[in-house]
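Here are some exercises to help you find your way around a new structure. Try each one yourself, then walk through the solution.

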Amino acid sequence: MESSASSLWSGVNSGIVLSLLAVVWTMLWQGIQGLQLQNLFSRHSRRLSRRLAATLDPYLTVTIAEYDGGRMRPSDAYKEAQAYLQRATRGAGGGVRHLKAEPDRDPDRLVLSMDDNEEVADEFRGATVWWLAYTSAPRDDGGPGYFWGRASRAERRFYRLAFLERDRDLVLAEYLPHVRRQGRAVMVMNRQRKLFTNISGGGGWDSDGFWSGSSWSHVVFEHPKTFATLAMDPAKKKEIMDDLDAFRGAKDYYARVGKAWKRGYLLYGPPGTGKSTMIAAMANHLDYDVYDIELTSVRTNTDLRRLFIETTSKSIIVIEDIDCSLDLTGKRKKKKKKAEDGDGANKDGEKKDGAAAAAAAAKAEEKSTSKVTLSGVLNFIDGLWSACGGERIIVFTTNHVEKLDPALIRRGRMDKHIEMSYCCFESFRFLAKVYLDVEAHRLFDDVAALLREVEMTPADVAENLTPKGPGEDADTCLAALVEALQKAKEKAMAKKAKEEAALAKKKAKRKAKEEAAKEAGGKAKEEAKEAGEKAAEEAAGEADDDDDDEEEEEEEDE
């Protein structure tokens, strides 16, 4: 009995001990999980792996991606490394067997670079490094990004630099900055100015044979117009050139005053006065690229912002005929007018017509492919995103500056307004020197007199001064210009006479109408006067009759 009791008691004690051990182990395990010992062991294992790898493989690598982290803009470092490697690629000792060729500024030469999966060696202060070009498949991130969705679906290109660990400080501190400096120098030497357009619809094959998500397509900019051949008043031309030179060298000034390094120019005037050629002359003077935005092909404000982000520094961004590109100029007035029309309709009880007009306007707006708004264009010019990059010029052209919204062309957005007017005598003399190599001629006085009376664009003057056959010279061209000016004068006089006749006819009609109204008013006044006199006579007659009746009654009473 005692033995069975002792065995039972010992079993109970064993269960209690096991329970206590289980509770303690649970508490210890929870504490160990709180300390995340598995992460500690993992870190130590990775360190040991790296040390073992460093013992077996003494090479370090640096990877330069074509796009920066957010893929919103191409990487400058990638372009500089690509330009730098052109020198190593051309060398016979580089070991590159597959090359890519691009057109050079010299039409007889080619710019060579190494193809994918090619490796080239380079030496720097006794250290040897190796460059590898490779591509990777596009990421599948589940959907397009906000700005860079199309770019993320394109193949991604990289340069990988490999070097010995003992050269780490030399490569990182001195070699890589050397690569960037030399790459920029090569880019400047091989640079070809480009004319970009956004009508490609987004995406296309780039010069390296890869699909690019950029919204811009380009050709080489080869416009020959310069300020030296631009017909304009010399003082005005010098003012514009000085303004451009001041902007180009004002990086520190813009940083000091806290403004984005950009400037807006508004070119306005009749057709044929040289607004487009002025842009070409500005680009050639500054050696800038030109981005020509076709605003009607931009679908949303976001797309317009993306276009701006993808532009580079040292560029001119152009929107020509902005008053015709989109209905941006009169929306505020139209809204105001629509509200007034709506109020009038309500007052007149024509609610059905107002609703029908509003529905028609909404339907027309839905049919429009572009949803760019005036607010989007204003933010494009000087919003927060306009500070991305620097050294940009924004140019608007228009034939009707009075149609533009004042908010669009105020100072700070369009900083300098340049009127491109009709040809003056100074511009004519310049054109005669350029086209005919003539500085004085007997017909100059006739041309000067006619230009004071006739408005003719520089394009028309230049066309008349252009020799069109082997027998034409300065005499025939100037005579043709004088004849064209005389015809334009006669046409202008006939138009003026017609307008004056129409105005006189209108005035005569208005005068006749006023006289008829005056005569009718006078006749009505006389009739009213006669009617009043007649009424007065009748009233007097009735009064006399009443007096006679009263007298007769008195006599009868007597």
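Before you start: this is a predicted model, where local features need pLDDT of at least 70, side-chain atom pairs count only at pLDDT 80 or more, and totals for chains, interfaces and linings use all residues. Residues are numbered from 1 along each chain as its sequence is written, and side-chain values use heavy atoms, with hydrogens and water left out.

**Exercise 1.** Find where Arg125 sits, and work out whether it is buried or exposed.

*Solution.* Start with the place: Arg125 is in the loop between strand 4 (119-124) and strand 5 (127-136). Strands here are DSSP runs of E with at least two residues, helices are runs of H or I with at least four, and both are numbered from the N terminus. Next, look at the backbone: phi is about 55 degrees, so a positive value, although Arg125 is not a glycine. Last, the surface: Arg125 has a relative accessible area of 62%, so it is exposed. The cut-offs are under 20% for buried, over 50% for exposed and partly exposed in between, with a 1.4 Å probe and protein chains only.

**Exercise 2.** Do the same for Asp437.

*Solution.* First, Asp437 lies in the loop between helix 15 (425-436) and helix 16 (444-451). Then check phi: it is near 55 degrees, a positive value in a residue other than glycine. Finally, Asp437 is exposed because its relative accessibility is 56%.

**Exercise 3.** Track down the largest nonpolar core and say which helix gives the most to it.

*Solution.* Begin with the rule: a nonpolar core is a set of buried Ala, Val, Leu, Ile, Met, Phe, Trp, Tyr and Cys residues joined through side-chain atoms within 4.5 Å. The largest one has 27 residues, and Phe227, Met278 and Ile393 are among those with the most contacts inside it. Now see who supplies it: at least two residues each come from helix 6 (234-248), strand 11 (262-268), helix 8 (275-286), strand 13 (315-319) and strand 14 (392-398). Helix 8 gives the most, with seven residues. Apart from this core there's another, of 26 residues, including Leu295 and Val377.

**Exercise 4.** How many disulfides are there, and which of Cys324 and Cys477 is buried or exposed?

*Solution.* Take the rule first: a disulfide is a pair of cysteine sulfur atoms within 2.5 Å. By that rule, the count is zero. As for the two cysteines, Cys324 is exposed, at 58% relative accessible area, whereas Cys477 is buried, at 1%.
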